[in-house]
Amino acid sequence: MHNLAIALHKKGFEITGSDDVLFEPSVSRLSKNGILPPANGWYPEKITNDLDAVILGMHARVDNPELLKAQELGIKIYSYPEYIYEQSKDKLRVVIGGSHGKTTITSMILHVLQAAKMDFDYMVGAQLEGFETMVKLTHEAPIIVIEGDEYLASPIDRRPKFHLYKANIGVISGIAWDHINVFPTFDNYIEQFKIFIETIQPNGKLIYCKTDEVLNNMIAADDSKVEKTGYALPDYTIENGVTTIINYGKKYPLLIFGEHNLLNMQVAKLVCEDLGINQEDFYNYITTFKGAARRLELLGKSDSANVFKDFAHSPSKLQATVHAVKTQFPDRKLIACIELHTFSSLNKDFLAEYAGCIDEADTAIVFIDKKTFEQKNMEPYPAETVKNAFAKNDLLFFNEPDELLNYLESIKISGSNLLLMSSGNFGGINLLNIAKKLLEN
């Protein structure tokens, strides 16, 4: 929300806003742009007929006093994705959807477009190196690249966000059940991607991963008139921990690795080709791409060990990330630690979806901060429940941050890689400090 506020402020709008709690980097960025609210909290008196519109964040409640006042006055209320569309309806809209890889694909496209000195707007779900904010909206740019989340648009608009962007070029990276609090069955979840295809505009295009069985079956049954292009893995080699793409005999060493990232790169290439960038230029530009924030982020390394942090939390993401690190460094042991943090991942009925997803790890650790159960008002369960769900009897389980910290600090990391995966914060553990201590020892 603060990124959108800054983008609209820079575009020349008069912007005000409210939140119950403001965190960094929002505070510093809003302050720098002169639009930091003077105090936290909700102020219905700010909502007057002088406003052109109110943009409602997903985490506002339906009984928010400012929202109620706006509804009472009949002021136009937009969800975040609705307003992104409102500001981009005259542009060519590229919308990146899928259960996984959305941020990375979007980031790759933005990296290449910037390297090619093209004029474009964007909305992406992570802070990227070389980009000041996560949202850019201008009058001039003819293109906008949008990360298209399937989660709900707002508390009063229960449509998935990516249905509202009306893509000209749509991407689906893969389908793996998620957000079970909103989509209680897998069929219901798949239906949202079918609807997304229907929202692609006339003469538009869908680019999809043809190696994803669920997605491939869905596309085969789809009778919409949109042009469809599938993609798969490129030719590549791995030598001394470096992945190199081979394209028409030319070699392009990458800073990223993992089959999931190579698939992400292939769809980014197809999008960029549609935007006027040829293959050779794309591969030259992508060799300098370091990855999106918190996606296989290297926290530290030595001659014989690496420590990675990754945003992975759903079963498909865990499996892809574990496989990537194990394949990239086949001669090293892999210690994989996952924090279950989201509502879906903690749900007992969903837990069995994790079966086998971290089997490639030599040492597998699951952490659930017991405070997370309290915060989400969920019934905690014992280590045996987790081990049975993951179908891994030698799995280690921790529910106290201090106990996990003690274990991680005791690891002899030489000849191994440590992979820490979570969309949370491991109970406040400082992962950089852990990496430093392990690698120094």
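## Strand β20 and its neighbours

Strand β16 (residues 306-310) runs parallel to β20, joined to it by five bridges; strands count as paired if DSSP finds at least two bridges between them. Asn306 has Asn417 as its bridge partner in β20. Strand β17 (residues 333-339) also pairs with β20 in the parallel sense, over six bridges, and here Ile335 is matched with Leu418.

This is a predicted model, where local features need pLDDT of at least 70 and side-chain atom pairs pLDDT 80 or more, while totals for chains, interfaces and linings use all residues. Residues are numbered from 1 along each chain as its sequence is written, and side-chain values use heavy atoms, leaving out hydrogens and water.

## How covered is β20?

Six of the six residues in β20 (416-421) are buried, meaning under 20% relative accessible area (exposed is over 50%, partly exposed in between; 1.4 Å probe, protein chains only). In a regular strand, side chains alternate between the two faces of the sheet. Here Ser416, Leu418 and Leu420 point one way, and Asn417, Leu419 and Met421 the other.

## Salt bridges

The structure holds 20 salt bridges, each a side-chain nitrogen of Lys or Arg within 4 Å of a carboxyl oxygen of Asp or Glu. One of them joins Lys205 and Asp274 at 3.0 Å, N to O. That pair links distant parts of the chain, strand β10 and helix α8, 69 residues apart. Lys205 is buried at 16%, whereas Asp274 is partly exposed at 35%.

Lys326 and Asp362 also form a salt bridge, with their closest N and O atoms 2.7 Å apart. Lys326 counts as buried at 18%, and Asp362 is partly exposed at 40%.

Note on methods
Helix = DSSP H or I, 4+ residues; strand = E, 2+ residues; numbered from the N terminus.
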